[in-house]
Amino acid sequence: MTTDEVSLLEHLDVSQVNCLNEQHDHDLKSIVASRRINPPESSIYLASDADEQLLINIHFNQAVRVRKLIIRCKTPSNGPKTIKLCVNKAAISFSDVEDSMFVQVLELSTDDLKGKPIPLRFVRFQSVNSLHIFVESNQGGEDETRIDAIDALGIPVEATKDLSGLGEGD
């Protein structure tokens, strides 16, 4: 992580954060509320309900630049494999999911699920108000996908605007 990158979890609009196809007892809000990418052994995690797919909708309280994702999964066979990302939609559902809407598709390895930062195509994530993560499949073809922790690294757009005025004449 570079010195200007921060966890963007502190910029969440928690009232707008949601996940479709999540188990009631293992939901997205519980893992983002803990705001820790290295959670202790616990029963707090996100798990899919009817099948392996999840549709995670993360809304920020200000525009941000997203550079990397971090996903941690303690059971690799249940961890996400194919994830598709789109940005700045008011709300999306499974019926809205189509390949043309995604700005990046990632094929994750089990190593990627150990909390290592996954770089994104930074140019496509410059002014993000909402990030939508469609988990299409998991590593082992299991019926349940599990995510123990998730984070986005980057910088608030306001922080970059504050720096742009430095050095201007008197």
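1. Overall burial. Buried residues account for 46% of the 170 residues in the chain. The model is a predicted one. Its accessible surface is about 8400 Å², and carbon and sulfur atoms hold 47% of that.

2. Element order. The chain has ten strands and two helices. Read from the N terminus, the order is β-β-α-β-β-β-β-β-β-β-β-α. Contacts reach far along the sequence: of those with a separation of 6 or more, 83% join residues 24 or more positions apart.

3. Strand β5. This strand spans residues 80–87. Seven of its eight residues are buried, so by the cut-off of under 20% relative accessible area the strand is mostly covered. β5 pairs with two strands discussed here, β8 and β6.

4. β5 against β8. Strand β8 covers residues 128–138. The two strands pair in the antiparallel sense, over seven bridges. Thr82 has Ser137 of β8 as its bridge partner. Lys84 stands opposite Phe134 in β8. Phe134 returns below, in the second core and in the aromatic cluster.

5. β5 against β6. Strand β6 is made of residues 104–107. Four bridges join it to β5, and the two run antiparallel. Leu85 of this pairing stands opposite Gln104 in β6.

6. β8 against β4. β8 is mostly covered, with nine of its eleven residues buried. β8 also pairs with β4, in the antiparallel sense and over seven bridges. Here His59 has Ser130 in β8 as its bridge partner. β8 thus appears in pairings with β5 and with β4.

7. Main core. In soluble globular proteins, nonpolar side chains tend to be buried together. The largest nonpolar core in this model has 34 residues. Leu28, Ile56, Ile83, Ile133 and Ile150 have the most contacts inside it. Five elements are named as giving two or more residues to this core: α1 (28–34), β4 (54–72), β5, β8 and β10 (149–156). β4 gives the most, with eight residues.

8. Second core. Apart from the largest core lies another, of six residues. Among its members are Cys86, Ile92, Met101 and Phe134.

9. Aromatic cluster. Which residues form one aromatic cluster? They are Phe94, Phe102 and Phe134. The count of aromatic pairs comes to two. In one of them, the rings of Phe94 and Phe134 have centres 6.1 Å apart and planes at 70 degrees, so the pair is edge-to-face. Phe94 sits in the loop between β5 and β6, and Phe134 in strand β8, so this pair ties together parts 40 residues apart in sequence. Phe94 is partly exposed, at 30% relative accessible area. Phe134 counts as buried, at 4% relative accessibility.

10. The stacked pair. Phe102 and Phe134 form a stacked aromatic pair, 6.1 Å centre to centre with 15 degrees between the planes. Phe102 also lies in the loop between β5 and β6, so its pairing with Phe134 in strand β8 ties together parts 32 residues apart in sequence. Phe102 counts as buried, at 11% relative accessibility.

11. Charges over rings. Two arginines deserve a look. The charged end of Arg67 sits over the ring of Phe122, 4.7 Å from its centre. The charged end of Arg146 sits over the ring of Tyr45, 3.6 Å from its centre.

12. Backbone points to check. Most residues other than glycine have a negative phi. Asn21 is not a glycine, yet has a positive phi of about 70 degrees. Asn21 lies in the loop between β2 (18–20) and α1. Asn88 is not a glycine either, and has a positive phi of about 60 degrees. Its place is in the loop between β5 and β6. Is Asn88 buried, exposed or partly exposed? At 37% relative accessibility, Asn88 counts as partly exposed.

13. The β5–β6 loop. Several points meet here. The loop between β5 and β6 holds Asn88, Phe94 and Phe102. The two phenylalanines belong to one aromatic cluster with Phe134. Asn88 has the positive phi.

Notes
Residues numbered from 1 in each chain as written. Predicted model: local features only at pLDDT ≥ 70, side-chain atom pairs only at ≥ 80, totals over all residues. Heavy atoms only, no water. Buried < 20%, exposed > 50% of the residue type's maximum accessible area, 1.4 Å probe, protein only. Pairing = 2+ DSSP bridges. Core = buried A, V, L, I, M, F, W, Y, C linked by side-chain atoms within 4.5 Å. Contact = heavy atoms within 4.5 Å. Areas by Shrake-Rupley, 256 points an atom, 1.4 Å probe, with all protein chains shown as cover. Phe/Tyr/Trp six-rings, centres within 6.5 Å; stacked < 30°, edge-to-face > 60°. Lys NZ or Arg CZ within 6 Å of the ring centre and 35° of its normal.
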